[in-house]
Structure formats: structure tokens, C-alpha cells
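Colleague: Hi! Could you walk me through this model and its ligand?
Modeller: Happy to, let's open it up.

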Amino acid sequence: MALRLGDLAPDFTASTTEGTIDFHQWLGDSWGVLFSHPADYTPVCTTELGTVARIKSEFEKRKVKVIAISVDPLNSHQGWIKDINETQRCSMNFPIIADESRRVATAYDMIHPNVDDRATVRSVFVIGPDKRIKLTLTYPASTGRNFAEILRVIDSLQLTANHKVATPADWRQGEDCIVSPSVSDADAQKLFPKGVRRVKPYLRYTPQPNM
Ligand code: BEZ
């Protein structure tokens with residue numbers, strides 16, 4: 001069954017390029033990004049893994065652990081990593097799950113049989129410290145993901161988990177936020193001492209509260 005926002009991220013034990021992991025234990029109290037790849041030794045996936053390796057410090061800054069998955073075996077992943085490092089000017093620095101049995105891919109509904117009944121699509125799951133799914137994205141095999149967007153969404157998720165705000169279209173770290181509709185005008189004045197700009201009763205902006 002498809003996983004929905006708020007669902008518990010399925011736990012699993014799996015072989016990875018950095019040893020065997022128990023997923024929930026590996027996550028600890030961090031946030032997590034689990035993202036799938038249709039197959040090893042494929043061009044788009046090669047660029048995606050290289051991109052994530054180069055910007056891993058951005059995930060670390062946000063206390064997010066990243067982990068990739070493909071249904072190919074471990075020895076294939078290990079050979080492919082050499083190509084990724086060579087062609088993408090990086091040094092792979094996060095695990096890739098070897099999911100030959102498709103156990104994890106099936107638990108996360110990463111195989112969409114009307115497209116391909118063996119390989120995974122490009123799924124992204126952002127998982128909170130409570131192990132619940134905070135974001136899902138699904139891209140086709142032919143389109144590489146925008147990891148800057150994934151970082152941007154994580155910034156929004158982490159902000160809105162702790163403050164009664166939402167983030168508007170195309171919001172970026174440091175820009176004004178929207179006061180949650182559940183907050184009354186009177187409470188908004190107290191909660192947001194930097195000020196509230198009231199454009200409409202339902203559209204109120206405030207400077208980003210945690211900056
Ligand atoms: C790729 O990663 O380049 C790719 C994988 C499967 C189908 C098409 C492209």
C-alpha cells in the first residue's frame with residue numbers, strides 16, 4: 001500500500017555499502033532522506049549520487065542522514081561507486097542499500113509496475129526524528145531530482161515543526177513566513193514579536209521567527 005504523510009516509515013534491516021543497518025536505529029534521532037534509484041551504472045543516477053555526495057555537509061548541517069537504495073547487489077554498487085567518484089568529482093560518503101529482493105522497495109511502494117515492474121522509480125522520502133514520513137516525491141527515471149529543492153523543503157519542514165508558521169510559494173531560508181491560520185490575531189502579536197503584516201484576515205506574514 002502507498003505510504004502517506006504522517007505514516008510511520010517502515011523499518012528494515014538491509015545490506016548497504018557501509019555495512020548492515022537497522023534503519024530506525026541508523027536514523028537515531030536525526031531526520032532522514034531515503035531516495036531510490038532505478039538501477040546501477042545508469043547516467044542520471046550517477047549524477048544524482050555525485051550531487052548528494054558533494055553537498056552532504058548541507059544535509060549534515062540540518063541533522064539529516066541521507067541513504068540511497070537500488071535493487072542491484074552490493075558488489076555492483078561497490079563497482080559503480082568507483083565510477084561515481086571518478087566522473088562526479090566526489091567521494092561517496094553515504095550508504096547505498098542493496099535491495100535485490102525488492103523488500104525495501106516494496107515496503108516503500110517504489111516500484112510502479114505500469115512504468116516498470118522490476119526497477120524503482122525515483123522516490124524521495126523525508127522522515128522526521130519521530131520516524132514519520134514528512135514528505136514524499138516521485139520522479140520518473142528520465143528526470144534527475146533537484147536536491148536544492150529537497151534541502152529547501154527540509155528547511156521548511158524543520159521550521160514549521162517548531163513554529164506556528166507555514167512557508168509561501170518558492171520560500172527560501174530567511175524570507176518572510178505565513179502565520180498559521182490557526183493562530184488568532186491577538187496570539188500572533190504575542191508569538192511573533194518581530195511583527196505581523198496583515199494582507200487579508202487569512203494572509204498574514206511575519207519575519208522568519210528562528211532567525
Ligand atoms: C538513469 O539513471 O540514467 C536512468 C535509469 C533508468 C532509466 C532511464 C535513465
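Modeller: Let's begin with Thr42, where a polar side-chain atom lies 3.0 Å from an oxygen atom of the ligand. Keep in mind that this is a predicted model.

Colleague: Thanks! How far is the polar side-chain atom of Arg122 from an oxygen atom of the ligand?
Modeller: That distance is 2.9 Å for Arg122. Pro43 takes part through its backbone, with an N or O atom 3.2 Å from an oxygen atom of the ligand.

Colleague: And how much of the ligand does the protein bury?
Modeller: The protein buries 72% of the 260 Å² that the ligand exposes when taken alone.

Colleague: Which residues are around the ligand?
Modeller: You'll find Pro38, Thr42, Pro43, Val44, Cys45, Arg122 and Ala141 there. By class, that shell has five nonpolar residues, one polar and one charged.

Colleague: Nice. Which helix gives the most to that shell?
Modeller: Helix α2, residues 43-54, does, with three residues.

Colleague: Switching topic: how do α2 and α4 pack?
Modeller: Their axes are 9 Å apart and make an angle of about 70°. Angles of 65 to 115 degrees count as roughly perpendicular, so α2 and α4 are roughly perpendicular to each other.

Colleague: Which residues meet there?
Modeller: From α2 come Cys45, Thr46, Thr47, Leu49, Gly50 and Arg54, and they meet Trp80, Ile84, Thr87 and Gln88 of α4. That contact of α2 with α4 has four nonpolar, five polar and one charged residues.

Colleague: Great, thanks!

Terms used. Residues are numbered from 1 along each chain as its sequence is written. This is a predicted model: local features need pLDDT of at least 70, side-chain atom pairs count only at pLDDT 80 or more; totals for chains, interfaces and linings use all residues. Side-chain values use heavy atoms; hydrogens and water are left out. A residue is near a molecule or strand if one of its heavy atoms lies within 4 Å of it. A polar contact is a pair of N or O atoms within 3.5 Å; within protein, one must be able to donate a hydrogen and the other to accept it, and residues adjacent in sequence count only if both atoms are side-chain atoms. Accessible areas come from the Shrake-Rupley method with a 1.4 Å probe; for residues, only the protein chains shown count as cover. Helices (H or I, at least four residues) and strands (E, at least two) are DSSP runs, numbered from the N terminus. Ala, Val, Leu, Ile, Met, Phe, Trp, Tyr, Cys and Pro count as nonpolar, Asp, Glu, Lys and Arg as charged, and the others, Gly among them, as polar. Axes are lines fitted to C-alpha atoms, for helices over the stretch in contact, and angles run from 0 to 180 degrees between N-to-C directions. Angles under 35 degrees count as roughly parallel, over 145 as roughly antiparallel, 65 to 115 as roughly perpendicular and the rest as oblique. Contact means heavy atoms within 4.5 Å.
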